[in-house]
Amino acid sequence: MLFDPRIPETAPSRGFPVPLEGTRSVLLQASSQGKDPALEFAASVAAGLERRPRSLDCRFLYDEEGSRLYEEITRQPEYYLTRTEASLLARYAVDISRLTGPATLVEFGSGYSVKTDYLLSAYEAWSPEVSYLPVDVSDSALRGAICAINRAHPAVRVIALHGTFEEAFALFDHVSPILALFLGSTVGNMNEEESRDFFTRVADHLRPGDHFLLGVDLLKDKGLLEAAYNDAAGVSAAFTGNLFVRMNRELGSQIDTSGLEHVARFDAEKEQIEIHARFLRAQTLELPLLQRSFRIEAGEEILTEISRKYRIETLLPEMETVGFRLRRLFTDERRWFALLLLEKG
Ligand code: SAH
Ligand code: AVI
């Protein structure tokens, strides 16, 4: 239950505005964060532009502005996902905590941890000294989450990890029992193979009796799905465009972002939303760090994200295959979103 003291309590001091002193919070930097982030970003972009069809890693959507825009998306009337999942957590967080018993909460892709608040409140009822370990590649979102949690839950000990999902697994050896959280249907942004590998790794790193709470967006009417990714206020479009704004700023890509269009459509066969940046005119994308340039033709689309939509009847056997058993399934009246509380067997 208690956090292993072997994890160093070092918070980076450089440019770190979260007032950690006097709180029980720390922000750890995963090893990859020490590497040259621009070089890593450039290499990922180059690999994606060499692929056919061309695609970019959606992880890079979340710089400071991307994280802010994502939060704005969650407040758009068309984007039902966050509201629906939040209502499930509001209603069932106490039930979830009773089913698992006291646990350390480890969250993958926690963002600003807004919805996690319901769970923190429920677990505080077991003991006010809850430990919460959010993991995210977005430094600004983690800082925002730490600030908000310190205010709302001063007794909660936040040990945040600035790093990737893969780097989160190192934390698992130090804590038990665990409730691992993967909310928001973020798993839907991984392809089939990536998500299978991810679930296998989660199962392998949990001990029997540990739990995994997984939030997934369920398959539904194409019109509702496409509206959620094409909000009228244009926030989804700004989120897609921001990836190229980031490339210009961090990589010197020299893209004229006024020549890009956000295109999000549902592929009924693959049961996924596919989000693209369509180039309205031909452009050359520069990667000076790698001394590479890429010609993008007029009308060409670059895939920036997929968002898979789920059927419980296929997801559940997949989870059972990797070693989980279902404790409870929580879903809303319209069956738009589901929370699966799974136990490692
Ligand atoms: N869980 C929150 C945020 C979802 S947005 C919610 O449900 O509202 C997805 C989050 O995952 C972002 O904060 C993004 O920075 C993070 N993320 C995306 N890819 C990641 C990766 N490979 N490793 C760690 N975090 C990642
Ligand atoms: C974070 N993830 C689950 C969002 C989704 O719905 O796939 C990302 C997103 N992209 C555009 N809108 C929302």
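Eight strands form an open sheet with mixed pairing, in the order β1-β4-β3-β2-β5-β6-β13-β12. Strands here are DSSP runs of E with at least two residues, helices are runs of H or I with at least four, and both are numbered from the N terminus. Two strands pair if DSSP finds at least two bridges between them. The edges are β1 (26-29) and β12 (324-331); each has a single partner strand, so one side of each lacks a neighbour in the sheet. On average, neighbouring strands are turned by 20 degrees against each other, direction ignored.

The model is predicted: local features need pLDDT of at least 70, side-chain atom pairs count only at pLDDT 80 or more, and totals for chains, interfaces and linings use all residues. Residues are numbered from 1 along each chain as its sequence is written, chains are lettered from A and ligands numbered from 1 in the order in which they are written, and side-chain values use heavy atoms, with hydrogens and water left out.

Edge strand β1 runs parallel to β4 (residues 157-162), joined by 4 bridges. V26 has I159 of β4 as its bridge partner.

Two helices lie across the sheet strands, with contact meaning heavy atoms within 4.5 Å. Helix α4 (residues 116-124) crosses β2 (104-108), β3 (131-136), β5 (178-182) and β6 (211-217), and runs at about 170 degrees to β2. Helix α5 (residues 139-152) lies across β1, β3 and β4, at about 175 degrees to β4. Axes are lines fitted to C-alpha atoms, for helices over the stretch in contact; angles run from 0 to 180 degrees between N-to-C directions.

Now the ligands. A residue is near a ligand if one of its heavy atoms lies within 4 Å of it. Ligand 1 is surrounded by 17 residues, the closest being G109, K115, D136, T164 and F165. Ligand 2 has 14 residues around it, and Y79, N189, Y229, E305 and S307 come nearest. Polar contacts are pairs of N or O atoms within 3.5 Å.

| Ligand atom | Protein partner | Distance |
|---|---|---|
| Ligand 1, nitrogen | G109, polar backbone atom | 2.8 Å |
| Ligand 1, oxygen | D136, side-chain N or O atom | 2.5 Å |
| Ligand 1, nitrogen | F165, polar backbone atom | 3.0 Å |
| Ligand 2, oxygen | Y229, polar side-chain atom | 2.6 Å |
| Ligand 2, nitrogen | E305, polar side-chain atom | 2.8 Å |
| Ligand 2, oxygen | S307, side-chain N or O atom | 2.6 Å |

Taken alone, ligand 2 exposes 340 Å², and the protein buries 98% of that. For ligand 1 the exposed area alone is 570 Å², with 93% buried by the protein. Areas come from the Shrake-Rupley method with a 1.4 Å probe. Elements giving two or more residues to the ligand 2 shell are α2 (64-74) and β11 (301-308).

Definitions and conventions
Polar contact = N/O pair within 3.5 Å; in protein donor to acceptor, adjacent residues only side chain to side chain.
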